[in-house]
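This note sets out a number of points for a colleague who is new to the structure. They are best read with the sequence and the model side by side.

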Amino acid sequence: MSDTTTISPLRQRMIEDMAARKLNPHTQRSHIQSCKRFAAWLKRSPDTATPDEVRLFQLYLVESGMSICNRNRIMTGVRFLFRVTLRRHDLAAEVWHIKEPQKLPPVLSGEEVKRILTMATSLKARVMLSLAYGCGLRASEVVRLRGGDIDSEQMIIRIVQSKGRKDRHVMLPAEVLDLLRQWWKARPTGCGAGDPPEQRWLFPGRGGHQPLTTRQFSRLFKEAAKAAGLRKAVALHSLRHSFATHLLERGTDIRVIQALLGHDKLESTARYSRVATGMIAKIESPLDALSTPPRRRARRDQEKPPAP
């Protein structure tokens, strides 16, 4: 697994194992980098590691001050190598994960979202940010939209093979459709000119053959947030968090929100109930009931039917 121009047989086998299981390219790169890091610490090939060395490597990651998220990510890649490629279940059994602290997702107010959309630096930025908030899309889902994914007849957007290799539908707000039509006219005509319109990227990157990257999309969000004067530590994904929270505050059924977001587990969606400040503020505290005068009980003789 050493970092050389020649791919070692062990790395090649791991790449084949990941491809056979259809892991996405990002996950594959992450797993390879994790195993390279383990090999660099070990100073030899990972297939010669001992259970005690696996334990010591994890202690090294913890003591280095690395975040829990990154530490778990590295060990997920190393465990794949042990469990799948090397078939060393004794080594895989030594890998342990640290439970990550549950933090509230950062949510923007409706006014803050409005300011961000208003201060978008271009029509393209405004369309993309409106899709992220108005439809609850992930950044990767926005940049990979094609012309054929927009169904203006049924007013839906088809999200194709997103996280978990799943398709789903989301609503298409009229305002977003209007922006998309404006953008389609202003979109560079040379991008994907040889492809049918339904196959063309809505937001092409350089050259037009690949979509805009999520990093470039994130930069557009940061520029709009800065222009809007936001002081909160928020990221592009905060628009998706805000979409879910605002729907919940408006009384939308949580299972509908789950379907719109594409969550497998209801627990993933339920966390938004912890940040739905509008809902929380409307909850009546039991303290309020103490100061409310008790209702008078109806007399029993009034409840009894009259004697015949």
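1. Two strands are taken to pair if DSSP finds at least two bridges between them. On that rule β1 and strand β2, the latter formed by residues 156–162, are paired in the antiparallel sense, with two bridges. The model under discussion is a predicted one.

2. The sheet may be described next. Three strands make up an open sheet in the order β1-β2-β3, and their pairing is antiparallel. Its edge strands are β1 (150–151) and β3 (166–171), each of which pairs on one side only. β2 and β3 run antiparallel and are joined by five bridges.

3. Individual positions help to locate the register of the strands. Asp-151 has Ile-156 of β2 as its bridge partner. Ile-156 also stands opposite Met-171 in β3. The strands β2 and β3 form a hairpin with three residues between them, and in the turn Gly-164 shows a positive phi of about 80°.

4. Helix α1 covers residues 9–20, which is 12 residues. From its first C-alpha to its last, α1 reaches 16 Å, close to the 16 Å expected at 1.5 Å a residue. Which residues of α1 are buried? They are Leu-10, Arg-11, Met-14, Asp-17 and Met-18. These residues lie on the same side of α1, because they cover an arc of only 120° around the axis. The exposed residues Pro-9 and Ala-20 are carried on the face of α1 turned away from its buried side.

5. The aromatic residues deserve a separate point. A pair of aromatic rings is described by the distance of the centres and the angle of the planes. The count of aromatic pairs comes to seven. One of these pairs, formed by Trp-41 and Phe-57, is tilted, with 5.3 Å centre to centre and 55° between the planes. This pair links distant parts of the chain, since Trp-41 belongs to helix α2 (residues 25–42) and Phe-57 to helix α3 (residues 51–63), 16 residues apart.

6. Are Trp-41 and Phe-57 buried or partly exposed? Trp-41 has a relative accessible area of 27% and is therefore partly exposed, whereas Phe-57 is buried, at 0%. Ring pairs join both residues with Phe-38, Tyr-60 and Phe-82 into a cluster.

7. Charged side chains also lie over aromatic rings. Arg-71 is placed over the face of Trp-96, at 4.3 Å from the ring centre. The charged end of Arg-146 sits over the ring of Trp-201, 3.6 Å from its centre.

8. Side chains of opposite charge can pair when their charged atoms come close. How many salt bridges does a search of the whole structure find? The search finds nine. Among them is the bridge in which the side chains of Arg-44 and Glu-53 meet, at 2.7 Å from N to O. Arg-44 is partly exposed, with a relative accessible area of 35%, while Glu-53 is buried, with 17%.

9. Another salt bridge is formed by Glu-112 and Lys-232, whose closest N and O atoms are 2.9 Å apart. Glu-112 lies in helix α6 (residues 110–118) and Lys-232 in the loop between α10 (214–227) and α11 (238–249), so the bridge ties together parts that are 120 residues apart in sequence. Glu-112 counts as buried because its relative accessible area is 14%, under the 20% cut-off. Lys-232, at 41% relative accessibility, is partly exposed.

10. A further salt bridge connects Glu-175 with Arg-126, the closest N and O atoms being 3.9 Å apart. Since Glu-175 is in helix α9 and Arg-126 in helix α7 (residues 123–134), this pair ties together parts that are 49 residues apart in sequence. Glu-175 is exposed, with a relative accessible area of 51%, and Arg-126 is partly exposed, at 35%. Elsewhere, Arg-138, Glu-141 and Arg-168 are joined into one network by salt bridges that share partners.

11. A last point concerns Ala-174, which is found in helix α9 (residues 174–186). Is Ala-174 buried or exposed? Ala-174 is exposed, because its relative accessible area is 56%, over the 50% cut-off. Its C-alpha atom is separated by 7.8 Å from that of Met-155, and the two residues are 19 residues apart along the chain.

Conventions:
Residues numbered from 1 in each chain as written. Predicted model: local features only at pLDDT ≥ 70, side-chain atom pairs only at ≥ 80, totals over all residues. Heavy atoms only, no water. Helix = DSSP H or I, 4+ residues; strand = E, 2+ residues; numbered from the N terminus. Buried < 20%, exposed > 50% of the residue type's maximum accessible area, 1.4 Å probe, protein only. Phe/Tyr/Trp six-rings, centres within 6.5 Å; stacked < 30°, edge-to-face > 60°. Lys NZ or Arg CZ within 6 Å of the ring centre and 35° of its normal. Salt bridge = Lys/Arg side-chain N within 4 Å of Asp/Glu carboxyl O. Expected span 1.5 Å × (residues − 1). Arc of directions from axis to C-beta.
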